[in-house]
Amino acid sequence: MSNYIDAEGVAKNINEALEVAIGNALSNLNVPREEVTYELLEKGKAGFLGLGGVWAKVRVYYEVGKKQKAEAFISGLFKLMNVNADIESKEEEDGRISITLKGEEMGLLIGRRGETLDALQYITGLAVNKNEEAFTRISIDTENYREKREEALEKLAKKVAEKVVKNRRSMTLEPMAPHERRIIHACLQDYEGVTTYSTGQDPNRRVVIALKNGDGQQKSSQRQNGRYNRRPRQNAPAKNVKTAAAEAAQTQPAQGNNK
C-alpha cells in the first residue's frame with residue numbers, strides 16, 4: 001500500500017532546498033531514503049537581490065508496511081486515550097509482528113489478567129490486516145507480561161493436573177482467551193494420566209482437565225451427572241417345555257399303588 005507526505009525546505013539554492021524538504025519528510029516518516037520516491041511540487045525563488053532563501057515543496061511517496069501500519073494505529077489510539085508510551089516493533093522470523101510498549105502507565109494497558117492488552121492486540125490485528133491478502137499475526141507485550149502470564153498458567157495447569165490424578169475426578173478452569181487455553185493444552189499434552197479439552201462458547205470458553213482413559217474419569221462423569229450407569233439385568237432364557245416337565249417329575253416323590 002503506497003502513501004505520501006508533503007514537506008517543504010528552504011536553502012540558498014534549489015538543490016539544497018530540495019534536500020532539506022526530503023530530509024524533513026524522511027524525519028517525519030522515520031524511514032530510510034532508499035525506501036521512498038519524491039516529486040517536486042513547487043520551486044520557489046530567491047528574495048530581492050539574492051536576500052533570503054529558495055524554498056521547495058516536495059511530495060514524498062513511501063510504501064506502508066504492516067509494521068508501520070501497526071505503529072501508526074497504536075500511536076493514534078494512544079493520542080485519543082492520552083496515554084504516553086514508547087512503541088517498538090519488529091518482524092519476527094515466523095512472520096508475526098512483535099510490538100513492545102514502554103512507559104509509566106503500562107498497568108492501565110495490561111488490565112485485569114491482561115484483558116485490556118488482549119483487546120489492544122486484537123483490534124490492532126484487525127486494523128493491520130484490513131484490505132490485505134495475507135494475514136499477519138500481531139503480538140503486543142509490555143513489562144514482559146506475556147512471559148510472566150505463561151509461566152503462571154503452566155504452574156496452574158500442573159497443579160490442577162496433580163489434583164485430578166489424586167482425586168480421580170475432572171476439574172474445569174476459569175474462562176480464558178484462546179491463546180491462554182492453548183498454553184494449558186500444550187503444557188499438559190504429555191502429562192501422564194490426564195487429557196484436556198475445551199467446553200463452552202467464547203468469551204466463557206473453559207479448559208477441562210480430566211483423567212485419561214481411566215475408570216476414575218468414568219466415575220467422575222457419572223458423579224457429575226448425579227447417577228451411575230448400571231448394566232441392565234438379562235433375563236434367563238426360557239426353558240424347553242419338555243425339559244421343564246422332566247425336571248418337575250424328578251422333584252416329585254414316586255407314587256405307587258398301596259396294597
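This passage walks through the strands, the largest pocket, the salt bridges and a surface patch of the structure shown above. The model is a predicted one, and the description begins with its strands.

Strand E6, residues 138-142, is a good place to start. Five of its five residues are buried, so E6 is largely enclosed by the rest of the structure. The side chains of this strand take two directions: Ile138, Ile140 and Thr142 point one way, while Ser139 and Asp141 point the other way. Residues on both sides are buried. Strand E5, which covers residues 97-102, runs parallel to E6 and is joined to it by five bridges. Among these pairings, Ile97 has Ile138 of E6 as its bridge partner.

Another part of the chain forms an open sheet of three strands, in the order E7-E9-E8, with antiparallel pairing. Strand E7 (171-172) and strand E8 (194-199) stand at the edges with a single partner strand each, so one side of each has no neighbour in the sheet. E8 is joined by six bridges to strand E9, residues 206-211, and the two run antiparallel. Here Thr195 finds its bridge partner in Ala210 of E9. In general, the strands of a sheet pair through backbone hydrogen bonds, and they may do so in parallel or antiparallel fashion.

Attention now turns to the open space in the model. The largest pocket has a volume of about 1,100 Å³. It is lined by 37 residues, of which Asp118, Gln121, Arg146, Ala177 and His179 are the closest to its centre. Several elements share in this lining: E5, H4, E6, helix H5 (145-167) and helix H6 (178-187) each supply at least two residues. Helix H4 gives the largest share, with seven residues. The enclosed strand E6 is thus met again here, as one of the contributors to the pocket lining.

Side chains of opposite charge can pair when their charged atoms come close. In this model the count comes to twelve salt bridges. One of them joins Lys69 and Glu132, whose closest N and O atoms are 3.2 Å apart. This pair links distant parts of the chain, 63 residues apart: Lys69 belongs to helix H2 (residues 66-81), and Glu132 to the loop between H4 and E6. Lys69 is buried, at a relative accessible area of 15%, whereas Glu132 is partly exposed at 29%.

A second salt bridge brings together the side chains of Glu88 and Lys102, at 3.5 Å from N to O. Glu88 sits in strand E4 (residues 86-91) and Lys102 in strand E5, 14 residues apart. Both partners are partly exposed, Glu88 with a relative accessible area of 40% and Lys102 with 43%.

A third pair, Glu180 and Arg149, has its closest N and O atoms 2.8 Å apart. Because Glu180 lies in helix H6 and Arg149 in helix H5, this salt bridge ties together parts that are 31 residues apart in sequence. Glu180 is buried, with 6% relative accessibility, and Arg149 is buried as well, at 17%. Elsewhere, Asp94, Arg96 and Arg137 are joined into one network by salt bridges that share partners.

The last feature lies on the surface. Tyr122, Ile123 and Leu126 form a nonpolar patch there, with about 310 Å² of accessible area together. Leu126 is part of helix H4, residues 115-129, and is partly exposed, with a relative accessible area of 48%. Helix H4 also supplies seven residues to the lining of the largest pocket.

Methods
Residues numbered from 1 in each chain as written. Predicted model: local features only at pLDDT ≥ 70, side-chain atom pairs only at ≥ 80, totals over all residues. Heavy atoms only, no water. Patch = residues over 30% accessible without salt bridge, like charges linked within 9 Å, V, L, I, M, F, W, Y side chains within 5 Å. Areas by Shrake-Rupley, 256 points an atom, 1.4 Å probe, with all protein chains shown as cover. Salt bridge = Lys/Arg side-chain N within 4 Å of Asp/Glu carboxyl O. Helix = DSSP H or I, 4+ residues; strand = E, 2+ residues; numbered from the N terminus. Buried < 20%, exposed > 50% of the residue type's maximum accessible area, 1.4 Å probe, protein only. Pairing = 2+ DSSP bridges. 1 Å grid on protein atoms, 1.4 Å probe; cavity = no way out; pocket = protein on both sides within 12 Å on 5 of 7 lines; lining within 4 Å. Points joined across faces, edges and corners; volume = space filled by probe spheres on them.
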